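Here are my comments on the model you sent round. They are set out as numbered points.

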Amino acid sequence: MASLIVVVAVDGSDMAKEAFTWYAENFHKPGNTVYLFHSPETYVNLERFTLSPGRAQELQDEADKNTKELNQTYKQLAEKLNVQVQFVAKSDERPGVAIEKFASDNTASFIVMGTRGMGKVRRTILGSVSDHVLHHAHCPTLIVRPQKK
């Protein structure tokens with residue numbers, strides 16, 4: 001079987017770590033190309049915000065620091081799980097769109113992501129990244145629900 005291109009959506013949440021771990025333990029095959037994709041906050045487009053340029057830069061610096069820390073955390077987890085990964089961070093106002101576009105641009109075989117498990121009303125009002133990707137991605141999407149503890 002040919003190797004697959006897998007996009008795993010990651011952020012700082014426990015659900016994202018659970019989804020990556022579940023993929024590694026249940027689906028991963030050596031030879032798969034695994035992208036850990038993160039869509040960080042961006043504060044560069046100041047027209048949207050009522051922040052001073054100094055405060056916007058502080059927030060951007062913090063977001064950049066968090067992205068670097070996330071990269072290190074996931075690379076350590078990937079090593080522990082014996083999965084070769086490439087960490088990719090690309091900002092977009094809507095993370096679901098960024099995930100969908102990255103997967104399409106890289107001809108992903110499938111996408112793996114966690115979910116917060118919001119109810120129908122909250123999801124309708126707030127929107128859901130996993131719901132967007134599930135309904136708009138060009139490839140299959142595996143949604144890993146939080147494990148009951």
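The points below take the strands, then a pocket, then two backbone angles.

1. The structure is a predicted model, and every value quoted here is computed from its atoms.

2. Start with strand β1, residues 5-9. Four of its five residues are buried, so β1 is largely enclosed by the rest of the structure. The cut-off behind that reasoning is a relative accessible area under 20% for a buried residue.

3. Which strands pair with β1? Strand β2 (residues 33-38) is one of them, running parallel to β1 over five bridges. Within this pairing, Ala9 has Phe37 of β2 as its bridge partner. Strand β4 also runs parallel to β1, and three bridges join the two. There, Val6 is bridged to Phe110 of β4.

4. The connection from β1 to β2 deserves a separate remark. Together with helix α1, residues 14-26, these two strands make a β-α-β unit. The hand of that unit is right-handed.

5. Next, the second largest pocket, whose volume is about 220 Å³. Its lining includes His28, Pro30, Gly31 and Asn32. Lys75, Ala78 and Glu79 are also among the lining residues, as are Leu81, Asn82, Val83, Gln84 and Val85.

6. What is the make-up of that lining by class? Five residues are nonpolar, five are polar and two are charged. Helix α2, residues 53-80, supplies the largest share of the lining, with three residues.

7. Asn82 should be checked individually. This residue belongs to the pocket lining and sits in the loop between α2 and β3, the latter covering residues 85-89. Its phi is near 60°, which is positive although the residue is not glycine. Is Asn82 buried or exposed? Its relative accessibility is 67%, so Asn82 counts as exposed; the threshold for that label is over 50%.

8. Thr107 raises a similar point about the backbone. Phi of Thr107 is near 45°, again a positive value in a residue other than glycine. Where is Thr107 placed? It lies in the loop between α3 (95-105) and β4 (110-114). Thr107 is exposed because its relative accessible area is 55%, the cut-off being over 50%.

9. To recap for anyone opening the model: β1 is largely enclosed and runs parallel to β2 and to β4. The two positive phi values noted above belong to Asn82 and Thr107, and both are in loops, one between α2 and β3 and the other between α3 and β4.

Terms used
Residues numbered from 1 in each chain as written. Predicted model: local features only at pLDDT ≥ 70, side-chain atom pairs only at ≥ 80, totals over all residues. Heavy atoms only, no water. 1 Å grid on protein atoms, 1.4 Å probe; cavity = no way out; pocket = protein on both sides within 12 Å on 5 of 7 lines; lining within 4 Å. Points joined across faces, edges and corners; volume = space filled by probe spheres on them. Nonpolar A, V, L, I, M, F, W, Y, C, P; charged D, E, K, R; others polar. Buried < 20%, exposed > 50% of the residue type's maximum accessible area, 1.4 Å probe, protein only. Pairing = 2+ DSSP bridges. Right-handed = clockwise from strand over helix to strand, strands pointing away.
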